[in-house]
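This report looks at how two parts of one protein meet. Please view the model first.

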Amino acid sequence: MIPLKVLSTSPNAQLRNLGWDWMLGQDTLPYLANEVLRVKPEEVDAYYEAANELFEMFVAAGQHVIDTNRFDELGIPANLIELIKLSWEDDRQIHLYGRFDLVGGIDGQPIKLIEFNADTATCLPETAVVQYAHLRANGLDESQQFNTVFETLTGQFEELLALNPDLQPTILLSAIRDFPEDDANVALIGEAAREAGFDVEFDFIDSVEFSPDEGIFWQNSKNGQFEKVDFWFKLVPWEAIAEDEPELTGMLTQLVQRRLVVVLNPAYTLLFQSKYILKILWELYPNHPLLLETDTKPLAGRACVEKVLFGREGANVRILNADGTERQAVDGEYNAYAKVYQEYAEFPKDAAGYSYQAGVFYAGEACGLGFRRGGIILDNGAGFVGHIVE
């Protein structure tokens, strides 16, 4: 049973002061819990080591895909392959950050990989700021958490500057308009970049100017002038850019090739984002203790989870029983993508029957832990639960 600790003071007041009302869950169940999950020091160490090992395995799997030209199996749009190879071969284009979703790790259960949100991972404010503030609001020692997300992310930006001395330390951060959760994630990333020494600007992606000959520009509202940036972070999925904006995809390929911009996360992170990489990992590391078997067809005689190659927040996920019947399913907009089938693993549960999935952020190394809480399939209605190490 999940070990929970009830805290008397919620972080709601701090969130309202930050303008993060979207976290308060007025329309549904509260997004943030008043409990935190008790985690033992040795469990934290296991999460840290698991995420670091998994990232190395993903790099090996990505190299395998490139060497054996298996892009089509992963569902990679053909117009993005050149940019993937360009960014992969250039060590200056580091993977900024991502989040491993894991089952187990507490209550005596082994850690297993569910998937890697490598391209446009969210839950940064919750993990880096909110759970920290929750402990402080209750007079607890905020150092009793596995939570160095902000410091580690800042270190990644410092590394970017060191690796790219020929570029100006100017970065534009872009998200899709009218998604306040995305804005909060981008704002935190911007603070880390500023701390590292970047000049930071924000603009929604529909306002960004792209020039195939000159680079990427944002419009300065103070003087109306368009100003060039040498780094661009986009909280927009690579597959969406490739499918919906083929002209922009070609332009970004030229700009990266000509060193007019570094795009974050790099295009090669789409290799990690595709759920087909879970099958590649099983091929390369069969029966690895951190992996669940994954194939392109249901696993005979075993319960499994059907996933689309590029789905998000539990959309278009189906859980199949050992006899192939459907246990539960979530609708969504991603059903046109090909599917993989991953061995089913039971999430740990609390006394009320809620499931808990660990999220471990990775930014050059594992750097933070948080938990999502919900039903048998964790969708966009799932809540967030912080933790305390004791």
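How many residues of domain 1 are in contact with how many residues of domain 2? In this predicted model, 20 residues of domain 1 touch 14 residues of domain 2.

Domain 1 is made of three segments, 4-23, 35-274 and 347-389. Domain 2 spans 293-343. Their centres, taken over C-alpha atoms, lie 24 Å apart.

**Buried area**

About 1400 Å² is buried between domain 1 and domain 2. Carbon and sulfur atoms account for 53% of that area. On the domain 1 side, Glu239, Ile376 and Ile377 supply 39% of the area buried against domain 2. No other three residues give more.

**Polar links**

One salt bridge is counted between the two domains. Glu115 forms a salt bridge with Lys307. Their closest N and O atoms are 3.1 Å apart. Five residue pairs are in polar contact across the interface, with both residues at pLDDT 80 or more.

**The domain 1 face**

Three secondary-structure elements each supply at least two residues to the side of domain 1 that touches domain 2.

| Element | Type | Residues |
|---|---|---|
| S4 | strand | 112-117 |
| H7 | helix | 238-244 |
| H9 | helix | 269-273 |

Strand S4 gives the most, with three residues. What is the make-up of this side of domain 1 in nonpolar, polar and charged residues? Nine are nonpolar, five are polar and six are charged.

Note on methods: Residues numbered from 1 in each chain as written. Predicted model: local features only at pLDDT ≥ 70, side-chain atom pairs only at ≥ 80, totals over all residues. Heavy atoms only, no water. Domains from an automatic or database assignment. Contact = heavy atoms within 4.5 Å. Buried area = accessible area lost by both parts, 1.4 Å probe. Salt bridge = Lys/Arg side-chain N within 4 Å of Asp/Glu carboxyl O. Polar contact = N/O pair within 3.5 Å; in protein donor to acceptor, adjacent residues only side chain to side chain. Helix = DSSP H or I, 4+ residues; strand = E, 2+ residues; numbered from the N terminus. Nonpolar A, V, L, I, M, F, W, Y, C, P; charged D, E, K, R; others polar.
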